Structures are given as structure tokens and as C-alpha cells.
Number of protein chains: 2
Amino acid sequence: MSDVDVPLPSGYELLWGLRERPRRGPKPGLSVEGIVQAAIDLADAEGLAAVSMSRVAAKLGFTPMALYRYVESKDHLLSLMVDTVVRAPPPIDPVGPQWRPALETWTWDQVTVLNQHPWILQIPITGPPLTPGQMRWIEQGLRILSVTGLPESDKVAVLGLLASFALSEARLAVDLSSAAVRGDTQGTAPSYGDLLRRLIDPQRFPAVHTSVVAGAWDEPPEYTDEDAKFRLHRVLDGVEMLVERRAREASAG
Amino acid sequence: MSDVDVPLPSGYELLWGLRERPRRGPKPGLSVEGIVQAAIDLADAEGLAAVSMSRVAAKLGFTPMALYRYVESKDHLLSLMVDTVVRAPPPIDPVGPQWRPALETWTWDQVTVLNQHPWILQIPITGPPLTPGQMRWIEQGLRILSVTGLPESDKVAVLGLLASFALSEARLAVDLSSAAVRGDTQGTAPSYGDLLRRLIDPQRFPAVHTSVVAGAWDEPPEYTDEDAKFRLHRVLDGVEMLVERRAREASAG
DNA sequence: CCTGGACTGTGTATGTCATACACTCATCTG
DNA sequence: CAGATGAGTGTATGACATACACAGTCCAGG
């Protein structure tokens, strides 16, 4: 048993199920999954700011401190939320030489997940993926890439690039849709175009001014899946070029 | 004077200098710029979490409430921070038919700014750009794109895409560098590869396992400008294809 | 069966935070 | 010079994360 070989960042033993079930004491009335799910529901409904230990506990009918028996800190809870949301296994058959469409689906599924839970974008980065849910995605991605013959480090880099693309797309979608919901107070909310018309001095910002009078800002550019797919294809073009280059290097050197 | 035509989101009159200087009363001991700069210094030094009204005020030798004479809320202060950081005018000569290299520089400058102030990535999106600093970038970008003949709405969309790319690159850079600084407590911090060796079950995650033993995770993939530029070129390829398509549409229809 | 340890949930306390409100004092306009 | 206007402060409120000590609850071993 090489248990205590490598010290794990605290809280991860529990996550990976490396801690044995306690035999004594009362039965737990809560569960990590339940807590995380309640937090996710809160974030989906009212945004990440609504996720406080008190609110989550109240939603479950417990006191705030009860959560700390299951979760190490709020930061830990946040990373568990990300992990759970991401955990849904991508339904791809990774076998076969068709790596490009599989990789496209792999990335697109991530975009979808992120768009369903946009609060993920506000959770600060704490470190590289260390949770089972994230690991499942990486496993899937690596299997897809296995037929490319890329060196392992390149595979990892490609997955990082695509994950980053998914984040970028999700952020773009949030940006554009938030532009639509701008004025939220009264019924006569000024549109973004109206605001710019008020603020933009033609002398100082001539190019912006002409785009404003052209109405380019009046309705925010629709975020369409079509456009996003187009961008994704460009990125995959880049990956394909990398695969070919590595193949040439291998046959040459 | 069409002053009160369109109600402005409160706080923006001040930002755009639309409020006349008060004549009476004591002279201000603080300034918006000073407050914002102090907040930026704090965020650069200790991260966004260290930016509290108290800390900022203390740094300036005032009480927390004094800041509210200059800044409407903490959220407002945060958006001012973003605006200030972004304000540095991109030193591009936008005239001339060379839109592609100019646009590359335009985007790259944003990546650079974001990498210098990674806390920007944690600031929640509140809405479309409405500050003078952001407007300066947009003005510059629109000028660059003026020679493309794109319709105004497409220009706006292209700038949105590139800005989003910059955010994505910055996030990727943060991710990769944070992977390096993982174990921060004791001298014998386990590397990411060590952790994975401990956690990954070959049965459950065979592909990850082989990549781990191949050492693909032992040193995090270096974030190089070269790679990033490569990705940017793919995105610009997409823009170029859009420009050509629009040109064809214009000559055909 | 019983007892002591292990464990769960709670109550309470601390320190931080954003921000509202009422106040004092300085400064300028009339 | 007077009153208005605005700057900075002090104090208060309510939310928050979390430490600590406790009470009740369950189980293994005697």
C-alpha cells in the first residue's frame, strides 16, 4: 500500500474515494453530491454570487457549518461544482480513424455545458484538472487522439487548446447575450445603440460613430451555432496541420 | 442640449466627463484615477480577492467610505479597473490596406495586457463595453477594418471574436502557469505528474495513464508566444475568409 | 448489555466585507 | 459675511466564511 507516498492536496482523497467509510458515529444526513447539486441549482438560478454557505445550507435545511463536514472550504465547493457540471460523460465513440469529427463533438459538448452553466467562467482558476469528472473528459480526448500518432505531450496541448476554445466561445456567448439584457430596471431601458449615440463624440471616435449610425450596435450580433462551428473548424484546421507536420517530421528524421 | 434624453447607467456621466466640476466645497483629496490605480496595484500584487474597499482606502490613507464620493460601488470600481488597464492606446497606424497585420497587433496587444493583469479574467461580465478606454480600442479596430469593406455589423462581430480570442489566450496562459506553481506549501511539493501517477487507475483511465507514464504531464506545456501566434493566425484565416465571402456576395448580388 | 470513542450537526463567536445614514468641517458663490 | 455645497468620517447593519467547543448519535469491543 503506497498510501502516504505522495501528499495529496487536502480534500482530494475524499473526492477520489480514497478515504475509507467511517464505521462509527451517526449516519450522515447530507452528502457531498447533494450539497454540490444544491449549490449548482443556486448558481444556475441566481448566479454565482448567490452561492454562499448559508444559502446552500438553508436550501438543504441545515446550518451553514454542517457543510464543512463534507466540504473543506467554499473554494473546494466551487471546484466540486465545476467538476460535477463537467462530469456528464461525452457520448462519443472514440474508436476509429475519424479523429476530427470526434474531436469536434468533444469540444462542442464542452461549449454546450459551459453555456448551460455560465457561472463557471467566473470561478477563478486554481490549478490543473485534478478531479474525476475532468479526468473523464481528458481520457476521452486522449482516446480520440490516439489514432493521430501525435506525441503524448502534443495530445495534451491540443486538448488544452480546445478546452480553451470552449471557454472562449462560452464567454463570447455570455458577452453577446448580456448585451441584449442590458437595461433591466425600467420599461424604457435604453438600448446599447442608444447609449452609444449619446456618448460617442464623432470627433474623437469617428469610426465608432459611423458604425453606430449604421445601426451596427442596435441589436447585438446574434450568437449562432453556425458561426461558432465555423470558428471551431478553423481551430481544427490548425490541429490538422500540426498532425501532418509531426507525421512529416517522423518520416524525415 | 439633449442632456436628459437618454438615462445613462448611473456612474457613467462621471466616467465620460459629462458632469460639470463642482464650484463649492472643499477640494477633493482623492481622485478616481488614484483610487483605481491603488486598486489595480493591489490586484496585481495580491490578486483580485485583496481588492476591498477597506484595503484600497487604507492604501491611500483614507476611510473606506471616502471612496464612495468617487466611485459608485465596488462593481463600478472593478469595471473602472478593467477600463484603465485597457486604456493604453494601441500604437498602431491603422491607415493602409494592410488590415491583417494591423489586426494581429491589435489582438496581440490585448493578450499582452491581459497577461500583465490576469485578475481581469475573474471580473464578471456586466455588459457590453461602455467605457472610454474600451471605446478607444474599438475605434482603433474599426479603423483597421475600414479597408475590408465589411458591413459595419460584421466589423463589430470580428472585433468581438478577436477580443474573445485574447481572453481565451490569457486564460490558457494562466492555466498553464498555475500548473507550474501547484504545490505551494512545503519544499517537497508533488508535481502534477506525481499526483496523476497517484490518482490515475490504469483500468479506468488507460489513455491518461499511458500519457502519464510517457511523462506528458510532468512539466506543463510551456506557453509560448509562438504557439499563441499560430492559433491567432488560424483565427485570422477565418476572418479573411469572411472578408472574401462578403466581397463575393457584394459582387454577385 | 454497556461503555468509550468516533462522528454528525449545532450554537456561538470573530473578523471581514459592502454599504446606508447622519454628521462635521472646509470652501466657494452671492 | 452667510448659506449652500460638497468632502471625509464615524457608526451601524446585515451578510459572509470559518474557527471552536459542545450535544446528541451511533457502533465496536469488552
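These exercises work through a predicted model of one chain.

**Exercise 1. Fold content**

Work out how many helices and strands chain A has.

*Solution.*
- Count the elements: chain A holds 10 helices and 0 strands.
- Read them from the N terminus: the order is α-α-α-α-α-α-α-α-α-α.
- Check burial: 35% of the 253 residues in chain A are buried.
- Check the contacts with a separation of 6 or more: 70% of them join residues 24 or more positions apart.

**Exercise 2. The packing of H2(A) and H3(A)**

Decide how helices H2(A) and H3(A) are oriented to each other.

*Solution.*
- Locate the helices: H2 of chain A spans residues 32-46, and H3 of chain A spans residues 53-60.
- Take the geometry: the angle is about 110°, and the axes lie 9 Å apart.
- Apply the cut-off: angles of 65 to 115 degrees count as roughly perpendicular. H2(A) and H3(A) are therefore roughly perpendicular to each other.
- Add the handedness: the crossing is right-handed.
- List the contact: H2(A) supplies Gly34(A), Ile35(A), Ala38(A), Ala39(A) and Leu42(A), while H3(A) supplies Arg55(A), Val56(A), Lys59(A) and Leu60(A).
- Sort these residues: 6 are nonpolar, 1 is polar and 2 are charged.

**Exercise 3. Confidence**

Find which elements of chain A have the lowest and the highest mean pLDDT, then find where pLDDT falls below 50.

*Solution.*
- Start with the chain: the average pLDDT is 81, and 77% of the residues score at least 70.
- Compare elements: helix H1 (residues 12-15) of chain A has the lowest mean, 67, and H3(A) the highest, 96.
- Scan for weak stretches: residues 1-5 of chain A stay under 50, with 1 contact beyond four places in sequence.
- Residues 181-188 of chain A are also below 50, with 7 contacts beyond near neighbours in sequence.
- Draw the consequence: where pLDDT is low, the predicted coordinates should not be read in detail.

Terms used
Residues numbered from 1 in each chain as written. Chains lettered and ligands numbered in written order. Predicted model: local features only at pLDDT ≥ 70, side-chain atom pairs only at ≥ 80, totals over all residues. Axes fitted to C-alpha atoms, helices over the stretch in contact; angles between N-to-C directions. Helix = DSSP H or I, 4+ residues; strand = E, 2+ residues; numbered from the N terminus. Parallel < 35°, antiparallel > 145°, perpendicular 65-115°, else oblique. Left-handed = near helix turned anticlockwise from the far one by under 90°. Contact = placed C-beta atoms within 7 Å. Nonpolar A, V, L, I, M, F, W, Y, C, P; charged D, E, K, R; others polar. Buried ≥ 20, exposed ≤ 12 C-beta atoms within 10 Å, placed from the backbone. pLDDT = per-residue confidence, 0-100.
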